[in-house]
Amino acid sequence: MNDEDTWVVPKRWLARAEPFRGVTGHRPIEAAPTAPLTRVVERQRERIIGLLGNGRREGNAEPADAGMSWLDHLESPGRTEPSALGAAAVATILTDDQNSCCSSMVRHGRHVREELAAPMVEGWVSAGGIGFAVDVLTHAGRLTVDRRVEDPGGWTPWRRRSYHVPWYDVLSCRPQDEPWWGMHSEAARLIRAHLAAASDTEYAAAVGRVEALRDTGPVLQARMLSSYLLPERQDWLEADLADQRAADQRSWTFDLLVPAVTTAAQLDRIGYLKGGAPMDMHTLFPDKAPLFNVVCQVGPAAAPTLARLLDTCHSSKDRAFVAGVLSQLPSDDAFLALLQRRQFSPVAAALKKAAARYPRRAHRLTVSAAAT
C-alpha cells in the first residue's frame, strides 16, 4: 500500500525553481565572453555617450566618467580596469525606456528580460567575477535616467516632445530613500543563479559584496534584494519580515522574498505585509518559478497559500496550472482546496488526478465533506 503522507520533491520542480544554493542543485555556470554585451552597447553607443555627457554637465561627473571608462574596457579589455559604477551607468541607460529602442514599455520590458539582461550580467561576471556583478547591481540602484524640459545646450539628439514640451534624457543619481527596481529584477535573477552554483571560493568572495548591498542606504528594498540573492541567509529574511518599516513599502516589493521562504509562517507574514495573498499571478511572472520555490522549500505546508493563489487566477490556463501543483501535494489542505473549488473544470480535473494519486485520503475527505 502506497504511503500517502511522504513528500518527495519532484526533480522537475527543483529544475524550474529559482536557484537556491544547497537546495535546487543547479549546475555551475561558465562565464560567457563580453562580446555579446559589446554588440548591444555598440547599437546604443551614441545615446549612451550623450546621456553620460548630459549627466556630467549636471554635476554627476563620477558616474559619467566611470561609464566612459566601462565603454573603453568593453572595447579594449586589457587597457582599462572594469568599473562597476561605469557598468551600472551603461546598464541603466540601456534598460531605460522612453521609446528609445522599443515602441512601448510592455515590449521594452520583454526586450530587457529576453535580450538585454543576459548579455549584461554575463559581461559583468566575465569582466570581474560574481562579486563584481553584485557591485554593479548595487550601483545601479543609485542611478536613474531623468527627463528635463529645458534645452541642455549640448547633446540633444534624443530629445522628445511630450505634451508639446521639449525634453531630453540625462543620467542622474537617485535619491537614497526612493524605491528602485526596473531592470534589476532580471539582472538579480541571473546573479542569483551564479551565486547558487558558484564554487566555495567564488561564493565566499561574493557574500561580502551582497552584505555591502544590504547596507546600502536606508532603503529596505535593497535589503530585500540581498535576501533574494542569498536565500540561504534565512536570518536576513527573518529580519526583513520583522522590520516595522516593511508595512510602508509597496506591496510588490515583497514578491522579492517569496522565492527565499522556507516556512509557512514566512509566507503568512508576507501575506500580512502585502495585505492579501502571499502570492498572486503577478508574483509568478514571467515563468512561475517562485511557485516552485515555495512548494520545493516549504513542501505540503504551502497548500493554504496555493489555495489562496488559486482564487486569484483569472484564466483557465492559470487555474489548471496551480490546481495541478496542488493535486500532487500529500496534504489534506491541498485536497480540500481542490474539493471546495471543484465547480471550475480545471480544478475538477486536478481533483480527479489527486483522488487517483491518494485514494485513501480522497475517500476519507470526500465522505467527511458529504456528511457536513
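This briefing covers the overall make-up of the protein, one helix with a buried face, and a loop with two backbone features. The model is predicted. The protein has 372 residues, of which 52% count as buried, and its secondary structure comprises 17 helices and 3 strands.

**Overall make-up**
- Counting contacts between residues at least 6 apart in sequence, 69% link residues that are at least 24 apart.
- The exposed area of the protein is about 17000 Å², and 52% of that area comes from carbon and sulfur atoms.

**Helix α10**
- Helix α10 spans residues 234-242.
- Its buried residues are Gln234, Trp236, Leu237, Asp240 and Leu241.
- These buried residues line one face of α10, because they fall within an arc of 155 degrees when the helix is seen down its axis.
- The cover over the buried residues of α10 includes three other helices: α8 (200-214), α9 (220-229) and α11.

**The loop between α11 and α12**
- Helix α11 covers residues 264-274 and helix α12 covers residues 289-298, and Pro286 lies in the loop between them.
- The peptide bond that leads from Phe285 into Pro286 is cis, its omega being near 0 degrees.
- Lys288 is also placed in the loop between α11 and α12.
- The phi angle of Lys288 is near 65 degrees, which is a positive value in a residue other than glycine.

**Where the two regions connect**
- Helix α11 is among the elements that cover the buried residues of α10, and the loop holding Pro286 runs between α11 and α12.

Notes. Residues numbered from 1 in each chain as written. Predicted model: local features only at pLDDT ≥ 70, side-chain atom pairs only at ≥ 80, totals over all residues. Heavy atoms only, no water. Helix = DSSP H or I, 4+ residues; strand = E, 2+ residues; numbered from the N terminus. Buried < 20%, exposed > 50% of the residue type's maximum accessible area, 1.4 Å probe, protein only. Contact = heavy atoms within 4.5 Å. Areas by Shrake-Rupley, 256 points an atom, 1.4 Å probe, with all protein chains shown as cover. Arc of directions from axis to C-beta.
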